[in-house]
Amino acid sequence: MDFNDSYYMNLALTEARKGEGKVNPNPLVGAVVVKNNKILGIGYHEVYGSHHAEVNALNMSKNSEGATIYVTLEPCSHQGKTPPCVDRIIQEKIKKCVIGTLDPNPLVSGNGVKKLQEAGIEVIVGILEEEALKLNEVFFKYIKNKNPYIFLKCGITLDGKIATRDFSSKWITNSLAREKVQYYRNKFMGIFVGTNTVLKDNPSLTCTLENKRDPFRITIDKNLEIPIDYKIIANNFDEKTIFIIENSKINSEKYNLLKNKYKIKFISLDEKDFSLEKIFKKVGEFGIDSILVEGGSSIISQIFENNLYDSGEFFIAPKILGDEKSIPFINGFSKSKIDEAFKLNNVKFNLYGDNIGLEFSK
Ligand code: AOF
Ligand code: ZN
């Protein structure tokens with residue numbers, strides 16, 4: 001591999017990440033145009049529905065004839081919300097196209113490469129491919145069959161508790177760890193918590209980072225029990241709260257109030273279909289490509305029991321409750337033998353002051 005190829009691809013990957021939280025359910029894409037070792041243009045997919053990365057990079061470039069374009073994802077060959085990027089690359093008389101990884105979108109999937117080659121452009125695929133795949137884990141999963149990417153987050157004490165017995169423990173983890181959670185709230189399109197968590201904590205489920213967007217706030221409210229003055233209802237100004245309800249609740253008095261006055265969105269299922277697997281599938285069909293799951297215990301155990309997660313990060317604070325009545329992060333998941341224990345894979349540790357982040361994936 002040419003050192004220059006990985007250098008410029010790395011730049012394109014860094015550029016692509018700037019679109020985090022703004023392009024879902026589209027992929028994060030970055031592009032760099034280079035001629036005679038000079039960068040002519042650089043760009044990324046900035047907002048859902050707007051210019052693709054290649055077009056932004058080419059718009060910045062002057063005299064790009066004979067240049068090389070580095071793109072983290074195969075350039076598109078279809079007419080979507082914008083014209084095909086390959087046409088623009090051909091029109092600009094680009095000589096070489098270096099690609100991180102192929103686009104699994106059936107509308108593209110190898111066609112982009114084919115069209116470029118047919119136009120006489122040299123194409124190289126697979127530069128920093130591992131990073132390019134990691135960059136778009138969400139997109140690669142969701143594009144296949146609209147199953148959302150599931151990310152688990154939990155803040156726990158050293159003895160594995162998420163709350164004291166009276167639920168008075170608002171902050172278990174430190175501010176650095178909580179800032180990372182805000183990063184995830186921007187990155188993933190939806191945030192999901194169980195009914196109990198809403199009833200006990202009355203959370204706002206927003207992203208507090210500057211210039212970031214709030215996720216869709218999703219919770220199960222099977223029987224429409226959440227009081228109207230709770231934050232996710234009363235503060236639903238952006239109309240991003242979604243309740244998962246039972247079909248029979250549609251058109252009930254409370255349903256109509258929530259829908260018409262508070263602009264709550266609903267996803268409904270039959271009682272017999274109330275499994276997390278089916279709920280997540282429905283959320284995906286609604287158009288949400290990724291879900292940050294923030295508890296509580298019963299949701300987390302159902303997720304492990306049914307292997308529904310893709311990855312996650314558990315934040316561990318050096319605090320010990322030692323109270324058997326405090327709330328464990330997982331409940332009803334009894335493995336009596338160590339050989340039967342559920343094991344997290346691809347573990348990586350992050351340090352946040354005196355808190356530890358344990359990152360894992362399937
Ligand atoms: C690229 N560069 O920056 C992006 C690409 O809805 P549209 O019309 O924007 O098309 C979205 C599809 O285009 C998306 O699913 C993916 O296959 C590709 N996205 N392609 O070459 C980009 N964002
Ligand atoms: Zn494109």
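**Exercise 1. Find which residues of helix H2 are buried, and name the elements they pack against.**

*Step 1.* Start with the burial count: a residue is buried if 20 or more other C-beta atoms, placed from the backbone, lie within 10 Å of its own, exposed if 12 or fewer, and partly exposed in between. In H2, the residues that pass are Ala53, Glu54, Asn56, Ala57 and Leu58. Helices (H or I, at least four residues) and strands (E, at least two) are DSSP runs, numbered from the N terminus.

*Step 2.* Now look for contacts, meaning C-beta atoms, placed from the backbone, within 7 Å. The buried residues of H2 pack against helix H1 (3-17), strand S1 (30-35), S2, S3 and H3.

A word on the model before you go on: it is predicted, so local features need pLDDT of at least 70 and side-chain atom pairs count only at pLDDT 80 or more, while totals for chains, interfaces and linings use all residues. Residues are numbered from 1 along each chain as its sequence is written, and chains are lettered from A and ligands numbered from 1 in the order in which they are written.

**Exercise 2. Locate the residues that the UniProt record annotates as "binding site", and describe the surroundings of His52 and Cys76.**

*Step 1.* The unreviewed UniProt entry gives this annotation to His52, Cys76 and Cys85; positions follow the numbering used here, feature names are shortened, and annotations may be inferred rather than shown by experiment.

*Step 2.* His52 sits in the loop linking strand S2 (38-44) to helix H2 (53-60). His52 counts as buried because 28 C-beta neighbours lie inside 10 Å.

*Step 3.* Cys76 is found in the loop between strand S3 (68-73) and helix H3 (85-91). Cys76 is also buried, because it has 25 C-beta neighbours inside 10 Å.

*Step 4.* Leaving out residues up to four places away in sequence, His52 touches Val29, His45, Cys76, Thr82 and Cys85. With that exclusion, the contacts of Cys76 include His52, Cys85 and Asp103.

**Exercise 3. Describe the shell around ligand 1.**

*Step 1.* Count residues whose C-beta atom, placed from the backbone, lies within 6 Å of the ligand. There are 17, the closest being Val29, His45, His52, Gly80 and Asn105.

*Step 2.* Sort the shell: eight are nonpolar, six polar and three charged. Here Ala, Val, Leu, Ile, Met, Phe, Trp, Tyr, Cys and Pro count as nonpolar, Asp, Glu, Lys and Arg as charged, and the others, Gly among them, as polar.

Methods
Contact = placed C-beta atoms within 7 Å.
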